[in-house]
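Reader: I should be grateful for a close look at one part of this structure. Please explain the terms as they arise.

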Amino acid sequence: MNIKILTPEYVVFEGEVDSVLLPGKDGEFHIMTNHAGIVSSLVGGSVKLYTKSINETYTKYFTKENEKDAVFSYPITSGVVEFNHNKGIILCE
């Protein structure tokens, strides 16, 4: 599935991922391939991308969770996500 993460200043990430874990108001939620369409607000926490690798252009924004798993995290203070037809956009600060 294709995910795009944007802030008012720059593009944080754009590419294919296996899934994404997001900090929602009522707790974290996981979006996977073929997930139903959703629009949701996000709270402070980390956006976690589950993917084999991240393009060099975007690695400076992410922390790799550990060497074993391909999980990359990006801290946010708030935001919104829209996901539909295996394409998602995350607008955040």
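**Strand β7 and its partners**

Author: Valine 80 lies in strand β7, a strand here being a DSSP run of E with at least two residues, numbered from the N terminus. The model is predicted, so local features need pLDDT of at least 70 and side-chain atom pairs count only at pLDDT 80 or more, while totals for chains, interfaces and linings use all residues. Residues are numbered from 1 along each chain as its sequence is written, and side-chain values use heavy atoms, with hydrogens and water left out.

Strand β7 covers residues 71–84 and pairs with strand β5 (residues 38–50) in the antiparallel sense over 12 bridges; two strands pair if DSSP finds at least two bridges between them. In this pairing, leucine 49 stands opposite phenylalanine 72 in β7.

Strand β6 (residues 63–64) is also an antiparallel partner of β7, over 2 bridges. Threonine 63 stands opposite serine 73 in β7, and 6 residues lie between β6 and β7 in the hairpin that they form.

Strand β8 (residues 87–92) pairs with β7 in the antiparallel sense over 6 bridges, and valine 81 of β7 stands opposite isoleucine 90 in β8. The hairpin of β7 and β8 has 2 residues between the strands, and histidine 85 takes a positive phi near 55 degrees there.

To return to valine 80: this residue is partly exposed, with a relative accessible area of 31%, where partly exposed lies between buried (under 20%) and exposed (over 50%), using a 1.4 Å probe and protein chains only.

Methods:
Helix = DSSP H or I, 4+ residues; strand = E, 2+ residues; numbered from the N terminus.
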